[in-house]
Amino acid sequence: MSRRKGRYERRAARRREKHEARCAEIGGLDEVFSYSNLFRAGRACCNSVRWKNSVQRFELHLFSGTAKRRRDILTGRHRWANYVHFIISERGKTRPIDAPRIQDRQIHKAFTREALLPLYQPSMIYNNGASLRGKGFEFTKRMLRDELRAHYRRYGREGWIILIDFQKFFPSVSHEEIKKRHKRYLLNEELRAFADGIVDTVPGGIGMPLGVEPSQAEMIAFPSPLDNFIKCQLGLKGGGHYMDDYYIIVPPARDPREIMQQVIEKAEEQKLTVSKSKSRIVPLTRGFRFCKVKYELTESGKVVTHGNRKAPRRARKKIRVFHERVENGAMTYMDLWTSVNGMLAYLEQYNDHEKVLELRRVFYRTYGFSCEHYETFRQKELERCSTSHTDDLRRRQTAAS
């Protein structure tokens with residue numbers, strides 16, 4: 001046995017021991033779906049949607065319903081309900097959503113929190129920040145800026161960045177590949193069979209649905225072999241991704257075309273299809289877009305960012321449409337304050353100060369007052385309520401006379 005192979009086998013043995021210890025700590029179905037875990041998951045499912053009638057009924061019987069669902073899971077009598085399919089248009093893109101019933105969402109959330117994420121996260125790279133507590137989109141943007149600055153301190157503006165996007169990331173994933181991951185990470189046979197059962201509820205035998213929490217956990221961990229290949233085998237420390245949007249910072253001494261080809265081949269081994277039209281190599285002397293945010297590494301090493309270029313145009317249109325709604329009484333000044341300052345907050349996090357000033361001027365020309373102070377909106381709403389009350393009294397007096 002060679003010295004290098006001996007080191008590899010010792011590291012692999014230590015990794016197996018740690019993984020077995022984590023699986024033993026998590027336990028089986030009885031421990032994962034304990035009453036307290038299920039009850040906390042059920043309460044979390046109700047957050048922000050308590051206005052729904054179905055959620056109110058669910059929470060009203062949460063104590064007894066949790067006990068019944070736990071008994072059905074442990075005895076193998078639980079039956080999944082059909083997903084609710086609908087279409088949404090989000091940021092200009094139409095997406096099909098398959099939402100589970102809230103009773104199934106409670107089970108999904110408990111299983112994801114107590115089993116899937118604790119077993120998947122140790123194998124995920126730090127820069128994988130989608131849908132994880134304490135990370136998210138802002139985390140990914142911050143890491144990209146930090147890695148661009150670190151690259152500049154070592155190489156200046158020389159080098160490239162590879163931008164890769166997968167085609168139909170959720171709809172095209174293979175159920176067979178996901179079950180192979182279950183066999184590797186879920187050592188408990190009951191938990192593995194339960195996870196395979198969730199995958200089998202997806203119709204068609206291929207793809208994972210949007211809007212399902214275990215599906216989200218599966219897909220953020222699914223490219224982990226590709227992530228580790230980029231970081232370890234290729235030795236590229238500047239890289240990360242937000243779901244299926246990848247960036248890889250390449251030093252000037254490496255060939256970006258060769259690296260991109262190796263990454264594509266590795267992705268195809270996992271049956272992931274790279275979108276050739278959206279994937280490209282950009283020199284760091286030019287600006288590039290990642291997740292609809294434009295980044296530019298200047299000659300001084302400063303990273304300049306600009307938000308979505310369509311956002312100011314949409315904001316101007318909304319400001320004018322909201323004016324008509326406010327005048328007709330269909331929208332309150334409090335709702336106007338929330339909407340307008342949400343648009344401004346999006347642009348204020350980037351280097352778009354001129355666009356923020358322009359939107360404030362558009363608001364002032366349209367409404368006649370500044371959008372910066374909450375008390376102004378509150379006073380306008382009180383004045384409108386007072387005027388409406390006075391007009392109502394006059395109508396009553398006229399009708400009585």
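The paragraphs below go through a predicted model, from the whole chain to single residues.

The protein chain has 16 helices and nine strands. Taken along the principal axes, its C-alpha atoms fill a box of roughly 105 × 65 × 35 Å. Of the 401 residues, 43% count as buried. Contacts between residues at least 6 apart in sequence are often long in range: 70% of them join residues at least 24 apart.

The aromatic residues offer a way into the interior. The count of aromatic pairs comes to 23. One of these is formed by Phe-363 and Phe-369, whose rings meet edge-to-face, with 5.5 Å from centre to centre and 90° between the planes. Phe-363 and Phe-369 are both buried. Phe-363 also pairs with Phe-377: here the ring centres are 5.8 Å apart and the planes stand at 40°, so this pair is tilted. A pair counts as tilted when the angle between its planes is neither under 30 degrees nor over 60. Phe-363 belongs to helix α15, residues 353-367, and Phe-377 to helix α16, residues 374-400, so the tilted pair ties together parts that are 14 residues apart in sequence. Phe-377 is buried, as is Phe-363. Both pairs fall within a cluster linked by ring pairs, whose members are Tyr-333, Trp-337, Phe-363, Tyr-367, Phe-369, Tyr-374 and Phe-377.

Another aromatic residue, Tyr-120, has a charged partner: Arg-181 lies over the face of its ring, at 4.9 Å from the ring centre. Tyr-120 is also among the contacts of His-182. His-182 sits in helix α8, which covers residues 175-185. The relative accessibility of His-182 is 0%, and the residue therefore counts as buried, the limit for that class being under 20%. Beyond its neighbours within four places in sequence, His-182 is in contact with Arg-192, Ala-195, Asp-196, Val-199 and Glu-218 as well as Tyr-120.

Helix α8 also appears in the lining of the second largest pocket. This pocket has a volume of about 880 Å³ and is lined by 23 residues. Those nearest its centre are Arg-15, Ser-123, Arg-184, Tyr-185 and Asn-228. Two or more lining residues come from each of α1 (3-26), α8 and α11 (224-233). The largest contribution is that of α1, with nine residues. Sorted by class, the lining of the pocket holds nine nonpolar, five polar and nine charged residues.

Helix α11, one of the elements in that lining, contains Asp-227. Asp-227 has a relative accessibility of 2% and so counts as buried. Not counting residues up to four places away in sequence, Asp-227 touches Ile-125, Asn-128, His-241 and Tyr-246. The contact with Ile-125 spans a long stretch of sequence: Asp-227 and Ile-125 are 102 residues apart along the chain, while their C-alpha atoms are 6.7 Å apart in space.

Thr-305 gives a second case of a buried residue, this time in a strand. Thr-305 is found in β9, residues 303-306, and its relative accessibility of 4% is why it counts as buried. Setting aside neighbours within four places in sequence, the contacts of Thr-305 are Arg-145, Val-293, Lys-294, Tyr-295, Tyr-350 and Asn-351. Ser-34, by contrast, is 271 residues from Thr-305 in sequence and 46 Å from it in space, C-alpha to C-alpha.

Two loop residues remain, and the backbone is the point of interest in each. Ser-131 has a positive phi of about 60° although it is not a glycine. The loop that holds Ser-131 runs between α6 (102-120) and α7 (137-155). With a relative accessible area of 44%, Ser-131 is partly exposed. Cys-291, likewise not a glycine, has a positive phi of about 55°. Cys-291 is placed in the loop between β7 (288-290) and β8 (293-297). The relative accessible area of Cys-291 is 22%, so this residue is partly exposed, since the buried class takes in values under 20%.

Technical notes:
Residues are numbered from 1 along each chain as its sequence is written. This is a predicted model: local features need pLDDT of at least 70, side-chain atom pairs count only at pLDDT 80 or more; totals for chains, interfaces and linings use all residues. Side-chain values use heavy atoms; hydrogens and water are left out. Rings of Phe, Tyr and Trp (its six-membered ring) pair if their centres lie within 6.5 Å; planes under 30 degrees apart count as stacked, over 60 as edge-to-face and the rest as tilted. Buried means under 20% relative accessible area, exposed over 50%, partly exposed in between (1.4 Å probe, protein chains only). Helices (H or I, at least four residues) and strands (E, at least two) are DSSP runs, numbered from the N terminus. A charge sits over a ring if NZ of Lys or CZ of Arg is within 6 Å of the ring centre and within 35 degrees of the ring normal. Contact means heavy atoms within 4.5 Å. On a 1 Å grid over the protein atoms alone, a cavity is a set of points where a 1.4 Å probe fits but cannot get out, and a pocket is an open set with protein on both sides within 12 Å along at least five of seven lines; lining residues have an atom within 4 Å of a point. Grid points are joined across faces, edges and corners, and a volume is the space filled by probe spheres set on the points. Ala, Val, Leu, Ile, Met, Phe, Trp, Tyr, Cys and Pro count as nonpolar, Asp, Glu, Lys and Arg as charged, and the others, Gly among them, as polar.
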